[in-house]
Amino acid sequence: MKKLISIFTVAIALFTISFSSPALAGDAAAGAKIFSANCAACHAGGNNVIMANKNLKKEALAEYGMNSIAAITTQVTNGKNAMPAFGGRLSAADIENVATYVLAQSEKGW
């Protein structure tokens, strides 16, 4: 009976882990402040004043493969096209916080 209970408990734990959302890596509140100071000029409200279709909305992030902390962190660190690199201006922790904020806001619909 104990073995059956143990197996059942493990099965529930695995099921819960498999279907739960991954935790965001950084501090979204800190990321909001950094975003406001460094990103909002071009990305206010999740928009993009330079390339309107490449905004920070959930659908666009998914379409362009930017729907993860790692992808957003890489983009912010290195820049691309019209977007400047922030790797020399912001710390790695600040960039991770911004990525966390952007991903969280995209999930909320900005």
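1. Start with Lys58. At 41% relative accessibility, this residue counts as partly exposed, because the exposed class only begins over 50%. Its side chain meets that of Glu107 in a salt bridge, with 3.3 Å from N to O. The pair ties together distant parts of the chain: Lys58 belongs to helix 4 and Glu107 to helix 6, 49 residues apart. Glu107, at 52% relative accessibility, counts as exposed. Keep in mind that this is a predicted model. The count of salt bridges comes to one.

2. Now step back to the whole chain. How many helices and strands does the chain have? There are six helices and zero strands, so from the N terminus on the elements read α-α-α-α-α-α. Of the 110 residues, 27% are buried. Among contacts with a separation of 6 or more, 56% are between residues 24 or more positions apart. The chain exposes about 7,100 Å², and carbon and sulfur atoms supply 62% of that area.

3. Next, have a look at Lys57, which sits in the loop between helix 3 and helix 4. Is Lys57 buried, partly exposed or exposed? With 26% relative accessibility, Lys57 is partly exposed, since buried would need a value under 20%. Setting aside neighbours within four places in sequence, Lys57 touches Gly45, Gly46, Asn47, Ser106 and Trp110. There is also a C-alpha separation worth checking on screen: 8.8 Å between Lys57 and Val102, which are 45 residues apart along the chain.

4. Ile50 is in the loop between helix 3 (40–43) and helix 4 (58–63) as well. Its relative accessible area is 54%, which makes Ile50 exposed. Together with Val49 and Met51, Ile50 forms a nonpolar patch on the surface, and the three have about 280 Å² of accessible area together.

5. Helix 2 covers residues 28–38, and its buried residues are Gly31, Ile34 and Phe35. Looking down the helix axis, you'd find these buried residues within an arc of 105 degrees, so they line one face of helix 2. What do they pack against? The partners are helix 3 and helix 6 (92–108). Turn to the face of helix 2 pointing away from the buried side and you meet the exposed residues Ala29, Lys33, Ser36 and Ala37.

6. The start of helix 2 deserves a zoom. There, a side-chain oxygen of Asp27 comes to within 3.0 Å of the backbone nitrogen of Ala29. The backbone nitrogen of Asp27 has a partner too: the side chain of Asn97 reaches this nitrogen at 2.7 Å.

7. That brings us to Asn97, a residue of helix 6. Why does Asn97 count as buried? Its relative accessible area is 13%, and the buried class takes in values under 20%. Leaving out neighbours within four places in sequence, Asn97 is in contact with Gly26, Asp27, Ala28, Ala30, Gly31 and Ile34. Two of these names should ring a bell: Gly31 and Ile34 are among the buried residues of helix 2.

Key. Residues numbered from 1 in each chain as written. Predicted model: local features only at pLDDT ≥ 70, side-chain atom pairs only at ≥ 80, totals over all residues. Heavy atoms only, no water. Patch = residues over 30% accessible without salt bridge, like charges linked within 9 Å, V, L, I, M, F, W, Y side chains within 5 Å. Areas by Shrake-Rupley, 256 points an atom, 1.4 Å probe, with all protein chains shown as cover. Salt bridge = Lys/Arg side-chain N within 4 Å of Asp/Glu carboxyl O. Helix = DSSP H or I, 4+ residues; strand = E, 2+ residues; numbered from the N terminus. Buried < 20%, exposed > 50% of the residue type's maximum accessible area, 1.4 Å probe, protein only. Arc of directions from axis to C-beta. Contact = heavy atoms within 4.5 Å. Polar contact = N/O pair within 3.5 Å; in protein donor to acceptor, adjacent residues only side chain to side chain.
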